[in-house]
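Here are my notes on the model you sent, set out as numbered points so that each can be checked against the coordinates. I begin with the aromatic pairs and then turn to the ligand and to single residues.

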Amino acid sequence: MSVAPRPAVVSAPIHDVVSHRWSPRAFDGRPVEPEKLRSLFEAARWAASSYNAQPWFFIVATKDDPAAYQRVLGCFVEFNQGWAKNAPVVALSVARLNFEDGRPNRHAFHDVGQAAANLAIQATALGLQVHQMAGILPDRARELFEIPDGYEAVAGIAIGYEGHPSSLPDQLKERELAPRARKPLNSFVFNGKWGEPSPIVAPKS
Ligand SMILES: Cc1cc2nc3c(=O)[nH]c(=O)nc-3n(C[C@H](O)[C@H](O)[C@H](O)COP(=O)(O)O)c2cc1C
């Protein structure tokens with residue numbers, strides 16, 4: 001059974017690759033081709049970053065190496081392990097918190113997020129999907145992977161081909177099929193004063 005796409009319902013035209021990116025919890029067991037995986041991290045590599053510090057790092061494992069896979073999966077909270085265990089590839093993003101000269105990098109997490117966004121968009125372009133997770137165990141990740149001081153695990157990442165929602169337990173199936181929702185543009189794009197919608201996003205009369 002093929003999976004129906006669920007593109008974003010937009011209020012202005014956007015690129016297909018953006019509207020078709022989403023975060024499934026149902027993954028197909030099919031492995032991801034190594035060259036495609038490499039492209040995902042290449043896309044992450046070319047993200048913008050403050051002072052071009054590139055504070056992103058990734059610990060990645062595929063099901064080809066079950067022990068390594070279990071170590072990464074074990075750094076996700078139980079809820080996330082429950083569905084992410086079906087993804088053929090799991091990863092953790094890690095931020096370097098300081099610049100080389102020791103000054104704190106206030107934008108380290110921001111830039112790791114930018115790299116992750118590039119990775120996710122590249123994944124969609126290659127027919128894959130990515131599901132990022134805040135629900136991880138950073139202390140376990142530090143211990144298991146010997147993440148040094150000055151670095152911090154940021155998010156979990158599940159990567160793979162989309163699976164069918166019917167593979168999920170009922171509660172998750174419902175969430176998988178629920179309409180995708182976003183706040184309206186005029187609630188977060190302001191002009192002149194906090195809370196005042198910019199005319200760019202004001203509804204046309
Ligand atoms: C940084 C970050 C953390 C997230 N944490 C979780 C998580 O722990 N568990 C989960 O199931 N989904 C998680 N998500 C997925 C979001 O719930 C999802 O991106 C959001 O609902 C928007 O849906 P969409 O990505 O399908 O457009 C996370 C997403 C991001 C970007």
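**Notes on the predicted model**

1. The number of aromatic pairs comes to four when ring centres within 6.5 Å are taken as the criterion. One of them joins Y51 and F99, whose ring centres are 5.2 Å apart and whose planes meet at 85°, so this pair is edge-to-face. Because Y51 sits in the loop between α2 (34-45) and β1 (56-62) while F99 sits in the loop between β2 and α5, the pair ties together parts that are 48 residues apart in sequence. Please keep in mind throughout that this is a predicted model.

2. The two partners of that pair can be set side by side for burial. Y51 is exposed, with a relative accessible area of 66%, whereas F99 has a relative accessibility of 10% and therefore counts as buried.

3. A further aromatic pair is formed by F57 and Y151, which is edge-to-face as well, with 5.4 Å from centre to centre and 75° between the planes. This pair links distant parts of the chain, since F57 belongs to strand β1 and Y151 to strand β4 (residues 151-160), 94 residues apart. As for its surroundings, F57 is partly exposed, its relative accessible area being 37%.

4. Which residues beyond its sequence neighbours is S93 in contact with? S93 lies in strand β2 and is buried, because its relative accessible area of 2% is under the 20% limit. Leaving aside neighbours within four places in sequence, S93 is in contact with F57, F58, V112, E152, A153, V154, A155 and I157. F57, the aromatic residue of the preceding point, is thus one of the contacts of S93.

5. The ligand is surrounded by 14 residues, of which S23, R25, H131, A134 and R180 are the closest. By character, the residues of this shell divide into five nonpolar, five polar and four charged. Among the secondary-structure elements, α4 (78-84) and β3 (129-133) each supply at least two residues of the shell.

6. Several polar contacts to the ligand can be named individually. The side chain of R21 places an N or O atom 3.0 Å from an oxygen atom of the ligand, and the side chain of R182 has an N or O atom 2.8 Å from a ligand oxygen. A134 contributes through its backbone, where an N or O atom lies 2.7 Å from a nitrogen atom of the ligand. Taken on its own, the ligand has 620 Å² of accessible area, and the protein covers 62% of this.

7. Helix α4, named above for its part in the ligand shell, also contains E78. Is E78 buried or exposed? With 72% relative accessibility, E78 counts as exposed. The C-alpha atoms of E78 and L137 are separated by 9.8 Å, although the two residues are 59 residues apart along the chain.

8. N105 is found in the loop between β2 (89-96) and α5 (108-125), and at 7% relative accessibility N105 counts as buried. The side chain of N105 reaches the backbone nitrogen of H107 at a distance of 2.9 Å. Apart from neighbours within four places in sequence, the contacts of N105 are S50, A53, P55, L97, N98 and F99, so that F99 of the first aromatic pair described here appears in this list too. 

9. R106 lies in the loop between β2 and α5 and is exposed, its relative accessible area being 74%. The C-alpha atoms of R106 and G195 are separated by 25 Å, with these positions 89 residues apart along the chain.

10. Two residues deserve a look at their backbone angles. N52, in the loop between α2 and β1, has a phi near 50°, which is a positive value in a residue other than glycine. E146, in the loop between α6 (138-145) and β4, likewise has a phi near 50°, again positive and again in a residue other than glycine. N52 is exposed, with a relative accessible area of 51%, and E146 counts as exposed at 67% relative accessibility.

Notes:
Residues are numbered from 1 along each chain as its sequence is written. This is a predicted model: local features need pLDDT of at least 70, side-chain atom pairs count only at pLDDT 80 or more; totals for chains, interfaces and linings use all residues. Side-chain values use heavy atoms; hydrogens and water are left out. Helices (H or I, at least four residues) and strands (E, at least two) are DSSP runs, numbered from the N terminus. Buried means under 20% relative accessible area, exposed over 50%, partly exposed in between (1.4 Å probe, protein chains only). A polar contact is a pair of N or O atoms within 3.5 Å; within protein, one must be able to donate a hydrogen and the other to accept it, and residues adjacent in sequence count only if both atoms are side-chain atoms. Contact means heavy atoms within 4.5 Å. A residue is near a molecule or strand if one of its heavy atoms lies within 4 Å of it. Accessible areas come from the Shrake-Rupley method with a 1.4 Å probe; for residues, only the protein chains shown count as cover. Ala, Val, Leu, Ile, Met, Phe, Trp, Tyr, Cys and Pro count as nonpolar, Asp, Glu, Lys and Arg as charged, and the others, Gly among them, as polar. Rings of Phe, Tyr and Trp (its six-membered ring) pair if their centres lie within 6.5 Å; planes under 30 degrees apart count as stacked, over 60 as edge-to-face and the rest as tilted.
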